[in-house]
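Let's take a walk through this chain together, beginning with how far the model can be trusted and then turning to its helices.

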Amino acid sequence: MKSIIVSVVAAAGLMVAGSVLAADMPEVAKKNGCTACHAIDKKVVGPAFMDVSKKYKGDAGAVAHLTTKVSKGGSGVWGTMPMPASPKLSEADNKELVNFVLGLAK
Ligand code: HEC
């Protein structure tokens with residue numbers, strides 16, 4: 001009996017953790033306005049962060065490419081819609097965002 005209760009509680013905990021992961025952007029993404037165009041699991045104006053993560057999985061140059069892209073903007077990888085430059089984004093926030101995105105598909 002006790003083990004049933006424990007597994008029900010564990011399953012409920014997993015479901016909560018799963019939905020938070022699917023829906024929640026980190027504070028650093030909200031603060032820098034990324035959430036206006038990006039979501040984790042669906043395309044908004046820009047690609048879903050999960051799709052970006054899958055695309056660059058195992059790519060050793062991904063961090064360099066994406067930090068430059070996020071600060072300078074650009075287009076042509078996901079379509080013709082350009083991402084605007086983020087000149088006010090700090091280097092630390094940029095790295096944190098790119099590492100967050102790349103970590104999603106692991
Ligand atoms: C005005 C809308 C907009 C905002 C704001 C925005 N993006 Fe984007 N983002 C896009 C679009 C559109 C693309 C697709 C560009 C392309 O096809 O090359 C993109 C692409 C990306 C990519 C993939 C780049 C690649 O070359 O594969 C990453 C990573 C990314 N955005 C992160 C961010 C982060 C982090 C922020 C916040 C600092 C942000 N974006 C803010 C629209 C936006």
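This is a predicted model, and the mean pLDDT of the chain is 87, with 78% of its residues reaching 70 or more. Confidence varies from element to element: helix α1 (residues 2-23) has the lowest mean pLDDT, 53, while α4 has the highest, 98. Within residues 18-22 the pLDDT stays under 50, and the model has two contacts beyond four places in sequence for that stretch. Where pLDDT is low, the predicted coordinates should not be read in detail.

Now turn to helix α5, which runs over residues 91-103. Its 13 residues, at 1.5 Å a residue, should span 18 Å, and the end C-alpha atoms are indeed 18 Å apart, so expectation and model agree. Which residues of α5 are buried? They are Leu97, Val98 and Val101. These residues cover an arc of only 95 degrees around the axis, which means that they sit on the same side of α5. An α-helix has 3.6 residues a turn, so residues three or four places apart point the same way.

The face of α5 turned away from the buried side carries the exposed residues Ala92, Asn99 and Gly103. Over the buried residues of α5, the cover includes α2 (27-31), α3 (49-55) and α4.

Finally, have a look at α4 itself, which spans residues 62-72 and contains Lys69. Lys69 is partly exposed, because 17 other C-beta atoms lie within 10 Å, where a buried residue would need 20 or more. Lys69 and Asn94 are 25 residues apart in sequence, and in space their C-alpha atoms are 10.0 Å apart.

Terms used
Residues are numbered from 1 along each chain as its sequence is written. This is a predicted model: local features need pLDDT of at least 70, side-chain atom pairs count only at pLDDT 80 or more; totals for chains, interfaces and linings use all residues. Helices (H or I, at least four residues) and strands (E, at least two) are DSSP runs, numbered from the N terminus. A residue is buried if 20 or more other C-beta atoms lie within 10 Å of its own, exposed if 12 or fewer, and partly exposed in between; C-beta atoms are placed from the backbone. pLDDT is the predictor's confidence in each residue, from 0 to 100. Two residues are in contact if their C-beta atoms, placed from the backbone, lie within 7 Å. The expected span of a helix is 1.5 Å times one less than its number of residues. The arc is that of the directions from the helix axis to the C-beta atoms.
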